[in-house]
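Colleague: I am new to this structure and would like a close look at a single part. Please take the barrel, and then show me what surrounds it.

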Amino acid sequence: MDKQEFFTGKVFDAWRWFGAHIDDRSVIFRVFAPNAVKITVTGAFNSWKEDELKQDGRSGFWEVTVPDARPGQFYKYRIYTPGGAVVEHCDPYGFAMELRPGCCSVITDPDEYTFTDADWMAARTAAPDAPLNIYELHLGSWLRNPADENGWYRYDEIADQLIPYLQEHGFTHVEFLPLSEHPFDGSWGYQNTGFFAPTSRYGTPAQLKMLIDRLHHAGIGAIMDFVPVHFAVDSYGLALFDGTPLYEYPHPDVGESEWGSCNFIHSRREVRCFLQSAADYWLDQFHFDGLRMDAVSRLIYWQGDPARGVNGDTMEFLKNMNAGLKARHPSALLIAEDSTAYPGVTQPVSKGGLGFDYKWDLGWMHDTLSYMQTPPDERPERRGQLLFSMEYFPNEHYLLPLSHDEVVHGKAAIVQKMWGADLTDKYAQARSFYLYMFAHPGKKLNFMGNELGLRVEWSEAAELDWSYANGMFHTFFRALSQTYRDHPALHADYEPGAFRWLDADSAAPCVFAWERRSKTERLVAVCNFGDEPYACPLPSPNCTVLLHTDWERFGGQTKENDWSFFDDSDEIYLKLPKFSAILLKIIED
């Protein structure tokens, strides 16, 4: 690490120098604490006595070499502060931590696992014409382990169940809710204490690497949620690390987030190096195929509020971090969770943008779910809620998310959100809604359980209700997801002519029809969100049905070999039942 560049905010590999590094039969401990009076390290290797670190001049860089320290041993730093207090902290750059409520860092050998995924890494691409169908996963509650007192599977253990499930459902990537170490299960990993440490809930860093390696061999990418905005307030973490606000703002008005955590002070160059090095660490050392960055609106505007204006310091940090990560990992995906209308989020930094590959389209999510909650007789007045996203879609590279945030805290499961007099109507509309989603331009993300058609909200304290896996909705979702994966027209989002309306102003105001086109195929989607059947004119006499949401095996009433065609003069029509949708492939000569 270049120490001078550390103070100018240019370092992306601070993890190579800071932390606990094994050197022959000793370990070198290094930490940054410019305002500390004295620092010692205590652990199993010195019987929890204290070895004193020495500062390099007045630079804030502290270091000590401890003979006979070994991988697997716990340790902490004792920080002697300017105010006379002595506070124990975990290592900000620690590569592993003990299981909560313990808070020690763990000496870890980064070379304990050797990846075998060179072919995957060489072929990996961030090209926007590739299919991207993401399964968002909370690792501790997808499937519970009856043999573990906390109900958790290890990273390597869960691979046997997870990988075939992802393959069967046509998912291209799995996105893990934050795996960085965190003290509170109910934060789902979004309030971190160990930004370089995979949570020990599910095993060791080597076991996480094994899981990612196996995913790659199965043809599945791995994305991790990354939290660059705030951190946990626990006293052993980053808060007041050297007795002063080193990582956070000094004033609580801007130093405390809406989640009760500490906001990073991105104007400090040392903090920028910490965060961008953490991002680089997960991509470099764990071969993650992308990072989904949480709460990006807070990095664009002061406190995420456009009325308070753009935050120049955080914006500069964000652009420099993204540009540096893309230079080092050009085929990795950078995805923004951003609810703002700030322009150029997915434009390269070199062209004035923020440098993300994709942006969550939260406007699409809100508008579409609002429409589906509306009674059919009121939907004609809300037609624009389904048309608007198609208008602004070319402005960014969008990802359509139905994430964990939409199925918790009283918001109801996706199926529950659908208007309906009974479950038959709710499931029929959910199937049509999902076909609309997968035929809409943009990449896809669904939180675990959406594919099952659950009617209960998610809780991190229990596994998914797998009794729904035998349901017809699950059969439908699996077929739809595989159809998306297998048809280029559904993921050729940015080619010329990739999308055009066929019916955006129908005499039947609850009907929408559009075409998706790639270089090799033409598909047509028709959605009837009304409570009356619709006579759908076929775009061509030479077409075949790829998917019909009303097929009997999905819970509908239409037989797969019954197209319900009828002729009227020179046109051919297909009868589309209420609350149903269809995906057609046009057969060209």
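Modeller: What follows starts at the barrel and works outward. Keep in mind that this is a predicted model.

Eight strands close into the barrel. Their order is β10-β11-β14-β17-β18-β19-β20-β21, and they pair in parallel. From one strand to the next, the twist averages 25°.

Look at one pair of neighbours. Strand β14 covers residues 221-226, and strand β17 covers residues 290-293. Four bridges join β14 and β17 in the parallel sense. Asp225 has Arg292 in β17 as its bridge partner. Arg292 also lies over the face of Trp360, 4.4 Å from the ring centre.

A helix covers this pair. Helix α7, residues 269-285, lies across β14 and β17. Its direction makes an angle of about 160° with β14.

Now take one residue of that helix. Leu275 is found in α7. Is Leu275 buried or exposed? Its relative accessibility is 0%, so Leu275 counts as buried. Which residues does Leu275 touch, leaving out those up to four places away in sequence? They are Phe195, Phe226, Pro228, Phe264, His266, Phe317 and Met321. Val11 is 264 residues from Leu275 along the chain, yet the C-alpha atoms of Leu275 and Val11 are separated by 9.9 Å.

Next comes the nonpolar core. In soluble globular proteins, nonpolar side chains tend to be buried together. Here the largest nonpolar core has 184 residues. Six of them touch the most other members: Phe29, Trp142, Phe176, Tyr247, Phe288 and Tyr434. Follow Phe288. Beyond its neighbours within four places in sequence, Phe288 is in contact with Arg124, Phe176, Leu179, Leu208, Ile212, Ala222, Ile223, Met224, Trp282 and Leu283. Another core lies apart from the largest one. This other core has five residues, including Cys90, Met97, Ala197 and Tyr236.

Return to β17 and move past it. Ala295 is found in the loop between β17 and α8, residues 297-300. Most residues other than glycine have a negative phi, and most peptide bonds are trans. Ala295 is not a glycine, but its phi is positive, about 55°. With 4% relative accessibility, Ala295 counts as buried.

Phe579 is another case. Its phi is near 50°, again a positive value in a residue other than glycine. Phe579 is found in the loop between β28 (571-576) and β29 (580-586). At 2% relative accessibility, Phe579 counts as buried.

The peptide bonds hold an exception to note too. The bond from Arg100 to Pro101 is cis, with omega near 10°. Pro101 is found in the loop between β8 (86-89) and β9 (105-106).

Now for the aromatic rings. A search of the whole structure finds 66 aromatic pairs. One of them joins Trp188 and Trp458. Why is this pair called tilted? The ring centres are 4.9 Å apart and the planes stand at 55°, so the pair of Trp188 and Trp458 is tilted. Trp188 lies in the loop between β12 (180-181) and β13 (194-198), and Trp458 lies in the loop between β21 (443-447) and α14 (472-486), so the pair ties together parts 270 residues apart in sequence. Trp188 counts as buried at 11% relative accessibility. Trp458 also counts as buried, at 10%.

A further pair is Trp501 and Phe512. Their ring centres are 6.5 Å apart and their planes are at 45°, so this pair is tilted. Trp501 belongs to strand β22, residues 499-503, and Phe512 to strand β23, residues 511-517. The two residues are 11 apart in sequence. Trp501 counts as partly exposed, at 24% relative accessibility. Phe512 is buried, with a relative accessible area of 0%.

Last, look at an open sheet. Its four strands have the order β1-β2-β6-β5, with antiparallel pairing. Which strands stand at the edges? They are β1 (19-23) and β5 (54-55). Each has a single partner strand, so one side of each is left without a neighbour in the sheet. Two bridges join β5 to β6, residues 61-67. Lys54 stands opposite Glu63 in β6. As for Phe61, the charged end of Lys3 sits over its ring, 5.4 Å from the centre.

Key: Residues numbered from 1 in each chain as written. Predicted model: local features only at pLDDT ≥ 70, side-chain atom pairs only at ≥ 80, totals over all residues. Heavy atoms only, no water. Phe/Tyr/Trp six-rings, centres within 6.5 Å; stacked < 30°, edge-to-face > 60°. Buried < 20%, exposed > 50% of the residue type's maximum accessible area, 1.4 Å probe, protein only. Lys NZ or Arg CZ within 6 Å of the ring centre and 35° of its normal. Pairing = 2+ DSSP bridges. Axes fitted to C-alpha atoms, helices over the stretch in contact; angles between N-to-C directions. Contact = heavy atoms within 4.5 Å. Core = buried A, V, L, I, M, F, W, Y, C linked by side-chain atoms within 4.5 Å.
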